[in-house]
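This report describes the architecture of a single protein chain. Please consult the sequence and the coordinates alongside the text.

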Amino acid sequence: MTDMTRGAFIGLGAAAAAATATIATARGASATVRGSASSREGSGTGTGQGAASGMVPDLVVTNSRVLTGDAQQPLAEAFAVDRGRFIAVGSTDEVSNLIGLGTKVIDASGMCVTPGFVDAHSHPLWGGLAALISVDTNLGSIQRIQDALSARARETEPGKWVVGFMYDDTKLSEGRPLDRRDLDEAVPDHPVFVGHRGGHTAVVNSAAFDAAGITVDTPDPRGGTIYRDSGELTGRLAGPALDPFQALLPDPSSREQRQAAVKLISELMSATGLTSVHAAGVGSDAFIAFQDARAAGELGFRANLFANANAYPSFRASGIRSGLGDEWLRLGPVKYAADGSASERTMRMSTPYMGRADDYGILYMSQEEIHEAVEDAHRAGWQVAVHANGDVTIDMVLQAYERVQQLWPRDDTRHRIEHCSLVNPDLLQRIKSGGVIPAPFYTYAHFHGHKWVEYGQQKMEWMFAHNSFLEYDIPVAPASDWTPGPFEPLMAIQSMVTRKDYDGRVWGPSQRISVDQALKICTMHGAYASFEENLKGSISAGKLADFAMLGADPHDVDPDSIKEIPVVRTVVGGITRWEA
Ligand SMILES: [Zn+2]
C-alpha cells in the first residue's frame with residue numbers, strides 16, 4: 001500500500017506542529033498538510049518529509065463546501081482522512097490526487113461539512129437511562145401525561161414507583177402545571193415521581209408523600225421547597241426537597257442497562273452531528289458504562305466525564321486528576337452545583353423574579369462550602385466546574401476561583417462555570433481575567449421561551465449572553481444540559497443566531513451572534529473547554545477526523561429554519577456513526 005509506515009505517516013502530523021508541508025500533486029496543484037499541534041501526549045515522531053510519496057488515505061470527501069473552522073483555511077472543497085485523522089484539506093482536484101486503492105470516496109455533491117459538534121455540558125447517561133426505563137412525560141397536556149402514567153401503573157406492581165421524566169410545566173395545553181391531584185387521579189395506588197426536564201424540580205402524588213413520610217407540616221429543607229397552597233401540598237418539590245423521594249426510587253439500573261443507555265444516547269446524539277459530549281456530574285457507574293459501551297463498539301461520541309461529588313473523593317485519594325484518559329474517554333473536572341435552575345425558575349439572583357417580589361431563587365451551597373470545594377480540587381490539580389446560574393452565585397464562584405488562584409497560582413486551569421446564565425459587566429470582566437470558561441445553555445432562548453417572561457426582557461439581555469462573552473473574548477462553551485435543554489446543535493445555532501422562541505418572540509436581541517460565531521462556539525470552543533483544541537474542533541490536517549455533513553449550509557438558509565437542516569452523515573475518527 002505504501003512504503004512509508006503508517007506510524008511515520010501519522011507522526012507527520014505531530015512532528016510538523018506549526019509547520020506546513022505542501023503536497024505536490026501530479027497536476028502541480030497543492031493541498032495543505034498542516035501538522036497538528038498534537039494532543040498533549042503527543043502522537044509519535046516523524047520527519048515531516050515525504051508526505052507526497054505513496055500516501056493512501058482511508059477516506060476522501062470531495063465536492064463539498066467545507067466550513068473548516070480553521071482560520072488559516074476557512075473554506076475548502078475536500079479533505080482526506082487516514083487512520084482517524086484529517087491528513088489533507090484542499091480543493092477537490094488536489095485531494096482527489098491522493099485517492100488510491102482502498103480509499104473510500106464520498107462525493108458530497110455540494111453539501112456542507114462542518115467540524116463535529118461538541119456538547120460541553122449534557123447528561124447523556126442519565127437521559128439515556130431515563131429514556132430506557134422511565135415514562136416519557138414530555139407530552140403536550142396533563143391528560144396525556146395522566147394516560148401515560150396510568151398505562152405504566154397498570155403494568156407495575158401496586159406499591160412500586162412509577163417514574164416520569166422530561167416533564168415541562170410550560171408546554172401543557174391546559175395552561176397550568178401538573179399537580180398532586182392530577183397524579184392521584186391517574187395513579188392512586190402507586191407512588192409517582194415526575195421529574196421536570198430541568199432536573200431540579202418534580203411533582204409527586206399523595207402515595208409518594210406517604211412513602212417519604214412527608215406531610216403538609218414538614219418544614220422545608222435548607223435550600224429546598226415543598227410547595228403548599230391554602231394549607232395543602234401541591235405536589236411540587238424543588239432542590240433538596242427531592243432528596244427523600246429520590247432515595248426511595250428503586251435502584252434505577254443494572255450495568256447492562258447503563259451500557260444500553262450509552263448505546264441509545266450515542267445513536268440519538270450522532271444523528272444530530274454531535275461527535276463529542278461532556279457528561280456533567282457522573283458517578284463511577286458512568287465511567288464503567290462508557291467503558292463497557294466503548295469496548296462493545298457502541299460508544300458513538302468522544303466523552304469527557306465530570307466526576308460528581310460522590311465519585312471525586314476516591315479519584316482524588318488515588319492521585320488521579322482531570323485529563324486522565326484518551327481521545328475517546330477522558331476524566332474532566334469535578335462538578336458541584338451551587339444554585340437552582342434557569343428553566344425551572346429557581347436560580348439565585350440579585351433581583352427577584354417577575355411578579356414574585358420576594359423570590360430571588362435558591363442557593364445550594366454557602367460561600368464557605370464553595371471555597372472549600374474549589375480549594376480542595378484546585379490544589380489537587382483538578383479542573384473545577386461549578387453550576388452557577390444566577391448573578392449572585394456566579395459572583396460567589398468567581399470569588400472562590402480568584403481566591404485559590406491568588407493563594408495557589410496554577411497556569412491554565414480553565415475552571416468552569418456551568419450555565420453561567422445571568423451576567424453583568426463586572427462578572428464578564430472577572431471571567432475574562434480569570435481565564436474561566438462559562439458554559440451557558442445554547443438552545444434555551446429558542447426552546448424555553450415561555451419561561452423567560454418570569455425573568456423579563458431586561459434580564460434576558462444579560463442571560464445566555466453569548467454575544468457578551470465573545471465581546472469580552474471569552475471562549476464560551478456550547479452546552480445543552482440535556483435533558484433540561486435539547487441537544488441538537490443546529491437548533492442551538494438557530495437559537496443563538498435568532499434568540500427567537502417558538503412563538504416568534506425575540507429574547508435579549510443584543511445577545512444575537514452570527515452563524516460563524518455560533519459554529520465556532522459549537523466546535524472549537526467545545527474542544528477548548530476540555531483542553532483539546534489542538535486535537536479537534538476544526539477540520540485541519542493532523543486533527544481527529546470528526547465531522548458532520550449537512551443538507552445545507554447554515555449561512556444559506558433562513559435563520560429561522562436552521563434547525564430544519566438535515567444532518568446527512570456524522571463521522572467520528574473517520575468512521576461513520578450516523579447516515580441519513
Ligand atoms: Zn447539568
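## Helix α12 and its surroundings

Helix α12 comprises residues 391-407, 17 residues in total. From its first C-alpha to its last it reaches 24 Å, close to the 24 Å expected at 1.5 Å a residue. The model is a predicted one, and the description of this helix should be read accordingly.

The buried positions of α12 are Asp391, Thr393, Ile394, Met396, Val397, Leu398, Ala400, Tyr401 and Val404. An α-helix has 3.6 residues a turn, so residues three or four places apart point the same way. The packing partners of the buried residues in α12 are two helices, α11 (367-379) and α13 (425-433), and two strands, β20 (384-388) and β21 (416-419).

## Confidence and overall dimensions

The mean pLDDT of the protein chain is 91, and 91% of the residues score at least 70. Residues 1-53 form a stretch in which pLDDT stays under 50; the model nevertheless has 114 contacts beyond four places in sequence for these residues. Where pLDDT is low, the predicted coordinates should not be read in detail.

The protein chain contains 18 helices and 25 strands. Its C-alpha atoms fill a box of roughly 85 × 55 × 50 Å along the principal axes. For 580 residues, a compact globule would have a radius of gyration near 25 Å, and the value of 25 Å found for the protein chain agrees with this. Buried residues account for 55% of the 580 residues. Among contacts with a separation of 6 or more, 74% join residues 24 or more positions apart.

## The enclosed strand β18

Strand β18 spans residues 302-307, and 6 of its 6 residues are buried, so β18 is largely enclosed by the rest of the structure. Arg302, Asn304 and Phe306 point one way from the strand, whereas Ala303, Leu305 and Ala307 point the other way. Both sets are buried.

Which strands pair with β18? Strand β17 (residues 274-282) pairs with β18 in the parallel sense over 5 bridges, with Val277 standing opposite Ala303. Strand β19 (residues 329-337) also pairs with β18 in the parallel sense, over 4 bridges; here Ala303 stands opposite Leu329. Ala303 thus faces Val277 as well as Leu329 of β19. A right-handed β-α-β unit is made by β17, helix α9 (residues 284-295) and β18.

## Sheet β5-β4-β9-β23-β24-β25

An open sheet of 6 strands runs in the order β5-β4-β9-β23-β24-β25, with mixed pairing. At its edges stand β5 (75-76) and β25 (575-579); each has a single partner strand, so one side of each is left without a neighbour in the sheet.

Within this order, strand β23 (residues 547-550) and strand β24 (residues 567-572) pair in the antiparallel sense over 4 bridges. The bridge partner of Leu550 in β24 is Val567.

## Sheet β11-β12-β13-β14-β16-β15

Another open sheet of 6 strands has the order β11-β12-β13-β14-β16-β15, and its pairing is mixed. The edge strands are β11 (135-136) and β15 (225-229); because each has a single partner strand, one side of each is left without a neighbour in the sheet.

At the β11 edge, β11 and strand β12 (residues 162-167) pair in the parallel sense over 2 bridges. Val135 stands opposite Gly164 in β12.

Terms used: Residues numbered from 1 in each chain as written. Predicted model: local features only at pLDDT ≥ 70, side-chain atom pairs only at ≥ 80, totals over all residues. pLDDT = per-residue confidence, 0-100. Contact = placed C-beta atoms within 7 Å. Expected span 1.5 Å × (residues − 1). Buried ≥ 20, exposed ≤ 12 C-beta atoms within 10 Å, placed from the backbone. Rg over C-alpha atoms; globule rule 2.2 N^0.38 Å. Pairing = 2+ DSSP bridges. Right-handed = clockwise from strand over helix to strand, strands pointing away.
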